[in-house]
Amino acid sequence: MSARIRHFAPGCAALLGACSLAPKYDVPVTPEVAAYKEAGAWMPAAPADTQPRGPWWEAFGDPQLNELQEQLREGSQGLRGAVARYEQARAIARRAHAELYPTLAVSGSAIREKNSANAPLANGVSTTGNDFTAAAGLAWEIDLFGRLRNAAAAAGDRAQASAADLAALDLSLRSELATDYFSLRGADATLQLLEATVQDYDRAYELTRNRYAGGIAAATDVDQAQTQRQSARAQLAAVRLQRAQFEHAIAVLLGHPPSDFSLQAAPFVGEPPPLGAGLPSTLLQRRPDIASAERAVAAANADIGVARAAWFPVFALGGAIGYEATESSAWFEAPSRFWSAGPAAVVPVLDFGRRSSDTRRAHAVYDEAVAAYRQAALTAYQEVEDNLAALHHLADALKADEAAAASAQRSAYHADRRYTAGVADYIEVTTTHTAALLAQRAALETRVQRMTAAIGLVRALGGGWTPEQLDKPVL
């Protein structure tokens with residue numbers, strides 16, 4: 001019988017050591033999407049290697065943007081803060097993992113003390129003596145019910161979620177930088193248009209004044225020409241303000257004071273690169289924010305195991321060995337040696353609902369995390385559909401805007417000739433020129449919106465994110 005007990009006891013210990021009270025974890029189910037509604041036949045055919053991977057911004061073919069993106073890596077204070085948060089999460093995970101193992105502490109002291117004559121059991125006699133101690137202590141909580149292992153798993157999941165948060169912030173900041181950059185280049189093109197327009201309006205104003213002085217034009221023509229050129233100047237000042245604000249935003253993203261940063265004006269060239277949306281089923285693997293939400297669900301699931309384990313006893317092994325003496329000469333002699341060893345247990349009996357409340361809270365946190373994960377998936381699908389629709393419809397809008405701008409310019413040209421010939425009034429001139437300027441600005445704005453939509457699609461698809469980034473060891 002004793003032999004059976006000797007074999008049975010280790011088996012029970014091994015079985016209990018593998019016990020975990022956390023529910024079996026499965027990734028929450030999200031709505032199934034077979035295809036993107038907005039990805040119709042309009043999308044250009046492109047090989048799979050056009051999918052953004054890694055430095056996705058290089059697909060836009062702008063060397064200046066590539067240089068700014070490299071500066072972002074080192075200068076962004078937002079990224080530095082996210083890296084620091086990730087390091088905190090990793091440290092917490094390491095600490096939780098270390099709780100699984102025994103702790104060993106070594107202590108030593110050399111004390112000379114005088115006892116009070118009025119202390120208990122002193123019998124009115126004050127004594128003076130020495131106490132030399134050197135000891136090593138061992139403590140180990142036996143994780144029979146998985147409390148420590150689930151806590152370590154939860155901390156590891158949160159560290160992985162922090163890594164995904166870092167990737168999501170990196171993608172967000174790089175997308176914001178690209179958006180601000182192309183908006184700035186759009187402002188450059190608009191400034192070029194307005195500066196040329198102001199020069200044309202100034203010449204028209206001088207011509208109208210001369211015609212008025214010669215008795216050919218009315219005074220109202222001069223006023224209208226003045227109104228037109230001053231309105232163009234006001235638009236020019238407003239666009240200059242917008243450009244300055246975009247430049248300041250880029251400076252802050254790169255970690256520079258706006259006063260120390262400037263970008264020279266450059267033409268707004270280029271078209272959105274061909275971007276395939278891929279299969280909806282891969283979206284949940286590519287988006288770092290979705291990966292973070294899923295890891296939060298896994299951590300909450302492990303926390304349920306921690307809360308459930310609080311209902312069971314906590315077993316520990318402890319021990320100490322060392323030397324203690326009243327004289328330094330006898331400190332490390334054999335008679336001064338002491339030791340202790342034995343198990344300990346803490347059995348919860350009455351807590352007036354604390355553990356049940358903790359368990360209910362853990363389940364509620366899990367339910368909240370599942371809802372957040374599913375909402376993140378729905379939001380991701382929406383963002384992809386929104387940007388696919390934007391690329392689709394803005395392509396049509398650009399064709400119409402460019403056609404309208406060309407038509408409006410021809411109309412303005414003919415109005416100028418009719419006015420010079422004396423068969424049209426100046427209202428027709430101002431009306432057609434104003435319409436031409438608005439149409440040209442609308443075409444430029446649509447071009448910027450198309451680039452912004454392409455950047456938005458890259459961001460919605462997860463940029464260069466790959467799930468392999470979560471495979472990096474945390475501990």
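**Exercise 1. Which residue follows helix H5, and what is the sign of its phi?**

*Solution.* Start at the end of H5 and step on: H5 is followed by Gly-255, whose phi is positive, near 85°. Helices here are DSSP runs of H or I with at least four residues, strands are runs of E with at least two, and both are numbered from the N terminus. Now look just after H4, where Gly-215 takes a positive phi of about 80°.

A word on what you are looking at: this is a predicted model, in which local features need pLDDT of at least 70 and side-chain atom pairs count only at pLDDT 80 or more, while totals for chains, interfaces and linings use all residues. Residues are numbered from 1 along each chain as its sequence is written, and side-chain values use heavy atoms, leaving out hydrogens and water.

**Exercise 2. Find where Phe-352 lies, and say whether Phe-352 is buried or exposed.**

*Solution.* Step one is the place: Phe-352 sits in the loop between strand S4 (337–346) and helix H8 (354–421). Step two is the backbone: Phe-352 is not a glycine, yet its phi is positive, about 55°. As background, most residues other than glycine have a negative phi. Step three is the surface: Phe-352 has 75% relative accessibility, so it counts as exposed. The cut-offs are under 20% relative accessible area for buried, over 50% for exposed, and partly exposed in between, with a 1.4 Å probe and protein chains only.

**Exercise 3. List the elements of the chain in order from the N terminus.**

*Solution.* First count: the chain has 9 helices and 4 strands. Then write them in order: α-α-α-β-β-α-α-α-α-β-β-α-α. To finish the overview, 38% of the 475 residues in the chain are buried.

**Exercise 4. Check the lengths of H4 and H5 against the expected span.**

*Solution.* The rule is 1.5 Å times one less than the number of residues. For H4, 67 residues should span 99 Å, and the end C-alpha atoms are 95 Å apart, which agrees. For H5, 35 residues should span 51 Å, and the end C-alpha atoms are 52 Å apart, which agrees too.

**Exercise 5. Describe how H4 packs against H5 and H9.**

*Solution.* Two packed helices are described by the angle between their axes and the distance between the axes. Axes are lines fitted to C-alpha atoms, for helices over the stretch in contact, and angles run from 0 to 180 degrees between N-to-C directions.

1. Take H5 first. H4 (residues 147–213) and H5 (residues 219–253) pack at about 160°, with axes 8 Å apart. That makes H4 roughly antiparallel to H5 (under 35 degrees is roughly parallel, over 145 roughly antiparallel, 65 to 115 roughly perpendicular, the rest oblique).
2. Now the contact: its residues divide into 21 nonpolar, 6 polar and 13 charged. Here Ala, Val, Leu, Ile, Met, Phe, Trp, Tyr, Cys and Pro count as nonpolar, Asp, Glu, Lys and Arg as charged, and the others, Gly among them, as polar.
3. Turn to H9 (residues 426–460). H4 and H9 pack at about 170°, with axes 9 Å apart, and are therefore roughly antiparallel to each other. Residues of this contact divide into 14 nonpolar, 12 polar and 2 charged.

**Exercise 6. What is the angle between H7 and H8?**

*Solution.* Helix H7 (residues 288–309) and H8 pack at about 170°, with axes 8 Å apart. The two are therefore roughly antiparallel to each other.

**Exercise 7. How far apart in space are Ala-389 and Glu-38?**

*Solution.* Begin with Ala-389, which has its place in helix H8 and is buried, with a relative accessible area of 14%. Ala-389 and Glu-38 are 351 residues apart in sequence and 5.5 Å apart in space, C-alpha to C-alpha.

Try the steps again with Ala-460, which lies in helix H9 and at 1% relative accessibility counts as buried. Ala-460 and Ser-172 are 288 residues apart in sequence and 9.8 Å apart in space, C-alpha to C-alpha.
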